[in-house]
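Biologist: I would like a close look at one part of this model, a pair of packed helices, set against what can be said of the chains as a whole.

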Amino acid sequence: MSGRKKSLLKVIILGDSSVGKTSLMNQYVNKRFSNQYKATIGADFCTKEVVVNDRVVTMQIWDTAGQERFQSLGVAFYRGADCCVLVYDVTAPNSFKNLDSWRDEFLIQASPRDPEHFPFVVLGNKVDLDNRQVSTRRAQQWCQSKNDIPYYETSAKEGFNVEMAFQVIAKNALELEAEAEVINDFPDQITLGSQNNRPGNPDNCQC
Amino acid sequence: MSSWRDSLTSIPGTVAQLINESASSLLHASSSLGSTVGPLGSTGSGSEGGSEESAPQGEYRALPIPASLVREQWRLIFTSDASIQDLHAAIAHCRDLVLLSEELSDERRWLVRHLVDLRYSLQELEEAQEQQSLSSDIVVMNAIRAVVGHHFVPHYPHHGKRNRLQAAARRNYCDHCTAIIWSVVQASYVCSDCGFLVHQKCIDSVMRVCAHVQVSERQHPISEICPEIGLAAQGYKCAECGTLLNLKNTWIEPRLCDYSGLYYCPRCNWNDSNFIPARIIHNWDFSPRRISRAALQEIRLFLNKPLIRLEEDNPKLFVFVEKLCAVKKLRQNLVHMRHYLAACRIASELKLVDQQLGCRRHLAQSNEFYSLKDLTQVESGALTDFLQGVFKSFDEHIRSCKMCLAQAYICEICSNIKVIFPFDDGCIKCDQCNSIFHRVCLTRKNMICPKCIRIQERRLQLDRIRSTEEEEVSTDDEVALAE
């Protein structure tokens, strides 16, 4: 069982269009920022090596298309994710309200073993802008109601809090993996259990 | 300077009339019915007489020059001694008039055509001057000559042919006078747009408007099957050159063009045979019919253009023609695949779509449009084979590509870990939310998409929250400010 130690962490960034998902990733991985808006088509990923708990792991960050018209493709890459980052724009209240549906949709498509305790991280982006519309308190309230999701306010433009947020993301992802390792000692039991107990999916089809 | 304009100046008295003539004939050539051409290129007094005879008579010919243009003609039309400055002025004036004219009016159409002609003349003139400045000996033979929309370039039939004897043995006929072009002793021109082949001596009397101009103005091939109006309505005249037709004399017998439904003289209708677009669309009939030269050149230009919305024009065809049904399904799959390839950076680096489809990209763009070539290949079966080959190579990429596989689907009803794609057999797509499920799974759910239900529920919930929240938000903000 010692060889199971995974060194690849899969992180998915979700959120409405133009909240800054690609910018956050670019800021974190390449330390670059562009003011120009370019919609992401489909999905793409970047990798970065990080040190978490004295361990070197490769973080595979999946950036997704927020625009509905680019969501004509599937999201099979949600499967096997270790952490999900929900991003909203602090100047756009709608992007905040949609976090709920992004979270639900992710849980259904990714169908993690333990949806209740799956590690999410919420990022309120664009705090460098003046016309803020969603208050910190409101965001924190929402995060608390969803099993205490960690919440950070970032600015991809200034690079504010980005590094720190991703450190937490990596740490949380690794924790999930550690738990999974323990559970994986009884692989057969788990596969059956997770198949039967998935919420919102009462029938057990084998096709 | 092209000499049909020279001819305008040769008899100043008739100039205005000639302009009227050419304008109306140009206009009328662009009308949906006509492919007749006035004596635009006829020389001197001959055209004067001819124009009297072929002047608008029947209903389908009446398209007078717009009133405003008669007033402006002296500023638009110029003589052979016109300088570059004159042409520049005329172009500027014509452009202003285009902007002033109403959209989609006959006036604008005439003006736009005239503007194109003017620009070409200017280019000709400038090129000629350049040549002269380089060396005065060279006769300007290489310049493009623009006549009634054609862009004639010198034609060398032996050029680049490996077997010169064979090339020489192939006879070329002049599209204008129908005589053989003796390529060894006679110079000839060919239109780079429509392939109109003509003696050098005939070039200035060409009457047929370039098929390329016709195609761009008509936009779609004639959709009625042989829309015949009858010889009487044509005034017993050839629809192209205006020659009087006579049933007794085989030299001037009327020949029906099955494409345009008009009668032509034997000089303008060589009894070429070709399939007719309208007959394919309506009857799935590929049998060759006799058509005029103009129609042949036009159909050739339409051949590769994806313009035909077959399913809209004739939806029942897909029920009766099995091959068509198979092609439709294949194309639908290719459309799904193209979404993957368009989003995949590996595929775009490989230029997979370009490499496989080349200039037939429309086949995977949507499954709506067909070109005439596609339809003939559907019938011969070549298109199915071609598309199957493309499908195979696309499939190979998508199933081996990390990026494409990541964007596959997992059937959320059965949650089987095996990924599915929209183009897989036994999979079904929700039209509303684009999710993909196994057909069996969705049938078990009574064809009700679970994702659509979620989306609906969320929307309702959001509306509810919004209505109750509106008051809350204001107080919320106050509290936040207080903090």
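Biologist: Among contacts in chain A between residues at least 6 apart in sequence, what percentage join residues at least 24 apart? Please then turn to chain B and look closely at α13(B) and α18(B).

Modeller: This is a predicted model, in which local features need pLDDT of at least 70 and side-chain atom pairs count only at pLDDT 80 or more, while totals for chains, interfaces and linings use all residues. Residues are numbered from 1 along each chain as its sequence is written, and chains are lettered from A and ligands numbered from 1 in the order in which they are written.

The share you ask about is 73% in chain A, and the corresponding figure for chain B is 61%, where a contact is a pair of residues whose C-beta atoms, placed from the backbone, lie within 7 Å. Chain A has 207 residues, of which 40% are buried, and chain B has 483 residues, of which 34% are buried; buried stands for 20 or more other C-beta atoms within 10 Å of a residue's own, exposed for 12 or fewer, and partly exposed for what lies in between. Chain A holds six helices and six strands, and chain B holds 21 helices and twelve strands, both being DSSP runs numbered from the N terminus (H or I over at least four residues for a helix, E over at least two for a strand).

The part you single out is in chain B, where α13(B), residues 322–343, and α18(B), residues 382–400, have axes that come within 10 Å and cross at roughly 30°. The axes are lines fitted to C-alpha atoms over the stretch in contact, with angles between N-to-C directions running from 0 to 180 degrees. That angle makes α13(B) roughly parallel to α18(B), since under 35 degrees counts as roughly parallel, over 145 as roughly antiparallel, 65 to 115 as roughly perpendicular, and the rest as oblique. The crossing of α13(B) and α18(B) is left-handed, a term for a near helix turned anticlockwise from the far one by less than a right angle, with right-handed used if the turn is clockwise. On the α13(B) side the contact includes V327(B), L330(B), L334(B), M337(B) and L341(B), and on the α18(B) side it includes L383(B), L387(B), V390(B), F391(B), F394(B) and I398(B). By class, the residues of this contact divide into 13 nonpolar, three polar and two charged, with Ala, Val, Leu, Ile, Met, Phe, Trp, Tyr, Cys and Pro counted as nonpolar, Asp, Glu, Lys and Arg as charged, and the others, Gly among them, as polar.

Within α13(B), L334(B) deserves a separate look. L334(B) is buried, because 23 other C-beta atoms lie within 10 Å. Leaving out residues up to four places away in sequence, L334(B) touches L387(B), V390(B), F391(B) and F394(B), and also L363(B) and A364(B). From L334(B) to D395(B), 61 residues away in sequence, the C-alpha to C-alpha separation is 9.3 Å.

The helix α13(B) also belongs to the side of chain B that touches chain A, being one of the elements that give two or more residues to it, along with α19 (402–406), β12 (436–438), α20 (439–444) and α21 (450–482) of chain B. That contact takes 27 residues from chain B and 22 residues from chain A. On the chain B side, the largest share, six residues, comes from α21(B), and the residues of that side divide into 16 nonpolar, six polar and five charged.

For a second helix pair in chain B, one may take α8(B), residues 211–218, and α10(B), residues 293–302, whose axes come within 9 Å and cross at roughly 60°. That makes α8(B) oblique to α10(B), and the crossing is right-handed. Here A211(B), H212(B), Q214(B) and V215(B) of α8(B) meet A294(B), Q297(B), E298(B), L301(B) and F302(B) of α10(B), and the contact has five nonpolar, three polar and one charged residues.

Definitions and conventions. Contact = placed C-beta atoms within 7 Å.
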